[in-house]
Amino acid sequence: MKWTKDLAVLVARIAIGVVLIAHGAQKFFTFGIAGTVDSFAGMGVPVPQAAALFAAVVELVGGAALILGAATTVAGLLVVLNMLGALVLVHVGNGIFVDQGGFELVAALGAGALLLAATGPGAWSVDHLVGRALAARRATAPSAA
C-alpha cells in the first residue's frame with residue numbers, strides 16, 4: 001500500500017532530521033561555532049572554520065528541511081556530503097562504534113539521507129504539496145502556442 005511507504009518515509013525523515021537538528025544546535029548553541037572550530041581543528045579537519053559552519057548549518061537547517069520534506073534532494077545530498085566528510089576526516093580510523101569515536105552514526109545518517117535524496121520525501125511533505133500545486137497551475141494555465 002502506498003500510504004505505508006509514505007508513513008515509513010515520514011518516520012525516517014523525522015528520525016534523521018531530529019538527530020541532525022540536535023547535532024547542529026549543539027554546534028551553534030552548546031559549543032558555539034568557535035568551540036566547534038577548535039574541536040574540528042583538534043581533530044585535524046582542514047579549514048576548520050568553514051567546515052564547522054558548513055556542518056552546523058547543514059545539520060540544523062538540513063535536518064529541519066528533511067523533517068518538513070522541503071528541498072529534500074538538496075538537503076539529503078548536503079547531509080551526505082557532510083557525513084562523508086566526517087567519516088573520512090574523523091571517524092573511519094576509529095572503528096565502527098560511536099563510543100570509541102567510530103563511524104556508525106555518520107554512516108547511518110549518511111545512508112538514510114542518501115536514501116531520502118534518491119527516493120524523495122513521500123506524499124506527506126512540502127515538496128509533494130508544492131509539486132501538486134505547480135502541476136495544477138500548469139494544467140489550468142492557458143496554452144502559449
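Hi everyone. Let's start with a single residue: aspartate 6 is buried, with a relative accessible area of 6%. Keep in mind throughout that this is a predicted model.

What does the side chain of aspartate 6 meet in a salt bridge? The partner is lysine 2, with 3.1 Å from N to O. Both residues belong to helix H1, and they sit four residues apart, about one turn of the helix. Their surroundings contrast nicely: aspartate 6 is buried, while lysine 2 is exposed, at 56% relative accessible area. In general, side chains of opposite charge can pair when their charged atoms come close.

How many salt bridges does the model have? The count comes to two. The other one joins the side chains of lysine 27 and glutamate 59, at 2.8 Å from N to O. Here lysine 27 comes from helix H1 and glutamate 59 from helix H3, so this pair ties together parts that lie 32 residues apart in sequence. Both lysine 27 and glutamate 59 are buried.

That brings us to helix H3 itself. This helix runs over residues 48-68, which makes 21 residues. At 1.5 Å a residue it should span 30 Å, and its end C-alpha atoms are 29 Å apart, so the two values agree. Plenty of H3 residues are buried, among them Pro48, Ala51, Ala55, Val58, Gly63 and Leu66. What covers them? The cover includes helix H1 (2-30), helix H2 (32-42), helix H4 (72-91) and H5. After H3 comes glycine 69, which has a positive phi, near 70 degrees.

One residue of H3 to look at on your screens is glycine 62. Is glycine 62 buried or exposed? With 8% relative accessibility, it counts as buried. Leaving aside residues up to four places away in sequence, glycine 62 touches Val57 and Ala75. Its C-alpha atom is 12 Å from that of leucine 81, which is 19 residues away along the chain.

Next door in sequence is helix H2. Its buried residues are Gly32, Thr36, Val37 and Phe40, and their cover includes H1 and H3. Just after H2 there is another glycine to point out: glycine 44, with a positive phi of about 85 degrees.

Now for the inside of the model. In soluble globular proteins, nonpolar side chains tend to be buried together. Here, the largest nonpolar core has 14 residues, and the ones touching the most other members are Ile16, Leu20, Leu66, Val79, Met83, Leu109 and Leu116. Which helices each supply at least two residues of this core? They are H1, H3, H4 and H5. There is also a second, separate core of seven residues, including Phe40, Ala51, Ala55 and Val90.

Let me pick out leucine 116 from the largest core. Not counting residues up to four places away in sequence, leucine 116 touches Val9, Arg13, Ile16, Leu66 and Thr72.

Finally, let's go to the outside. Met1, Trp3, Leu7, Val11 and Trp124 make up a nonpolar patch on the surface, and together they have about 570 Å² of accessible area. Where is tryptophan 124 found? Look in the loop between helix H5 (104-119) and helix H6 (126-140). Tryptophan 124 is partly exposed, with a relative accessible area of 40%.

So that's our tour, from a buried aspartate 6 to a nonpolar patch on the surface. Thanks for listening!

Notes. Residues numbered from 1 in each chain as written. Predicted model: local features only at pLDDT ≥ 70, side-chain atom pairs only at ≥ 80, totals over all residues. Heavy atoms only, no water. Patch = residues over 30% accessible without salt bridge, like charges linked within 9 Å, V, L, I, M, F, W, Y side chains within 5 Å. Areas by Shrake-Rupley, 256 points an atom, 1.4 Å probe, with all protein chains shown as cover. Salt bridge = Lys/Arg side-chain N within 4 Å of Asp/Glu carboxyl O. Buried < 20%, exposed > 50% of the residue type's maximum accessible area, 1.4 Å probe, protein only. Expected span 1.5 Å × (residues − 1). Contact = heavy atoms within 4.5 Å. Core = buried A, V, L, I, M, F, W, Y, C linked by side-chain atoms within 4.5 Å.
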